[in-house]
Amino acid sequence: MKRRELLPGIEWVGAVDWDRRLFDALIPLPDGTSYNAYLVRGRERTALIDTVDPTKADALWAHLADVPRIDDLVIQHVEQDHSGLAPAVLARYPEARVLATPKARMMIADHLGIPAERVTPVADGETVSLGGRTLQFLHAPWVHWPETMMTYVPEDRLLFTCDLFGSHLASSELHVATAEHVAESAKRYYAEIMMPFAKTIHGHLEKVRRLDVATIAPSHGPVHDDPASILAAYDHWVNDAPSNLVLIPYTTMHGSTAKMVEHLVAALAERGVTSAPFNMTVSDLGAYVIRLVDAATVVFATPTVLVGPHPSVVVAAALTSALRPKARFAAVIGSYGWAGKAAETIQALASGLSAEWLPSVFARGLPTEDTLRALDGLADAIAERHKGLG
Ligand code: FEO
């Protein structure tokens, strides 16, 4: 992909990673991703906003082949998919000043090996003139790390947001064609990367709304020419009440837990509650995580392996806990052979959930009539608590 004009004097110099299928060795990327870097030219100075993932160095060097000088290297976020080539950029442009938040200075030293004294810290709201064009830095901690910032160009009503408002979507299009085009990948990105920071994002949304913004340029996925659309989507994901939806991450070994899940799904449906079971040995972890954005309840369903939960449900519990979704209720169901502490273990692993834990339902061996009645009781309890949820 060649260098592309975003606005007069502002160019995309990023890389599209069509083949990447996993992020952080955990997060599935069915649609690949991109690493967006931007070249911003003023009359007197030229700034590079972020770099690209080191695996895509050739793309950045091709974009910069005829760029003789970079005066300011803006590191909005120290994670290596954006900053990984900063040392190489500085080797190529030794005159460049490095601009980052005060908190980023030591992180840049720790993660990139660039001495802290090489970094010029910028305060929240501080401006740098490029000559006829201004960069204003807006600290935005926890989207995605504590050192993150955004960069606003008031003359162009343009906001660079780094990870915030990003999408893991490889595309030949620079801009979002329609809100629907990017909705699924933006939601997947929110779920996998941003959801743990929902409370902080609430404040950032207010900050962005106070700016006059016509274009939002994130560091992953297409550029948003309709900021209201992505802001409204974030507002819904962050602030709205959860939906009348129960997620059931489960695994079955000899069929007992699967029978219990099947019964619970039917019992919930009879009570007007939507549910979605995810067999964790075959399901797309990303598909589960996307629906976590909306679910009001999570029911972990596991057989017992020796005395603990099945490892695939352990992963679901740990990930659910880490992502801190807005689910209000949770439960554990499952089966065991002779004894076990699967429920207690799952509850401990999912302690990041701010949820009311409903009574567990476990069967020794095959589910009995008593087991099914207990599952009906669980469905009653969930339906009662979901009253009023849309
Ligand atoms: Fe795209 Fe947090 O890095």
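**Exercises: one threonine, one pocket, one cavity**

Leaving aside neighbours within four places in sequence, Thr46 touches Leu39, Val40, Arg41, Arg69, Ile70, Asp71 and Asp72. Keep in mind that we're working with a predicted model here.

**Exercise 1.** Work out whether Thr46 is buried or exposed.

*Solution.* Start by placing the residue: Thr46 sits in strand S8, which covers residues 46-49. Next, grab its relative accessible area, which is 11%. The cut-off for buried is under 20%, so Thr46 counts as buried.

**Exercise 2.** Find where the largest pocket lies with respect to domain 1 (4-239) and domain 2 (243-385).

*Solution.* First, the volume: the largest pocket comes to about 400 Å³. Of its 19 lining residues, Ala198, Lys199, Arg324, Pro325 and Lys326 are the closest to the centre. Now go by element: helix H6 (198-210) and helix H7 (227-239) are the ones that give two or more residues to this lining. H7 has the largest share, with three residues. Finally, look at the domains: both of them give residues to the lining, so the pocket lies between domain 1 and domain 2.

**Exercise 3.** Break down the linings of the largest pocket and the largest cavity by residue class.

*Solution.* For the pocket, you get 11 nonpolar, three polar and five charged residues. For the cavity, note that the structure holds one of 30 Å³ or more. The largest cavity has a volume of about 90 Å³, and 13 residues line it, with Trp12, Ser34, Asn36, Ser171 and Glu173 closest to its centre. Sorted by class, the cavity lining gives seven nonpolar, four polar and two charged residues.

Key:
Residues are numbered from 1 along each chain as its sequence is written. This is a predicted model: local features need pLDDT of at least 70, side-chain atom pairs count only at pLDDT 80 or more; totals for chains, interfaces and linings use all residues. Side-chain values use heavy atoms; hydrogens and water are left out. On a 1 Å grid over the protein atoms alone, a cavity is a set of points where a 1.4 Å probe fits but cannot get out, and a pocket is an open set with protein on both sides within 12 Å along at least five of seven lines; lining residues have an atom within 4 Å of a point. Grid points are joined across faces, edges and corners, and a volume is the space filled by probe spheres set on the points. Helices (H or I, at least four residues) and strands (E, at least two) are DSSP runs, numbered from the N terminus. Ala, Val, Leu, Ile, Met, Phe, Trp, Tyr, Cys and Pro count as nonpolar, Asp, Glu, Lys and Arg as charged, and the others, Gly among them, as polar. Domain bounds come from an automatic or database domain assignment. Buried means under 20% relative accessible area, exposed over 50%, partly exposed in between (1.4 Å probe, protein chains only). Contact means heavy atoms within 4.5 Å.
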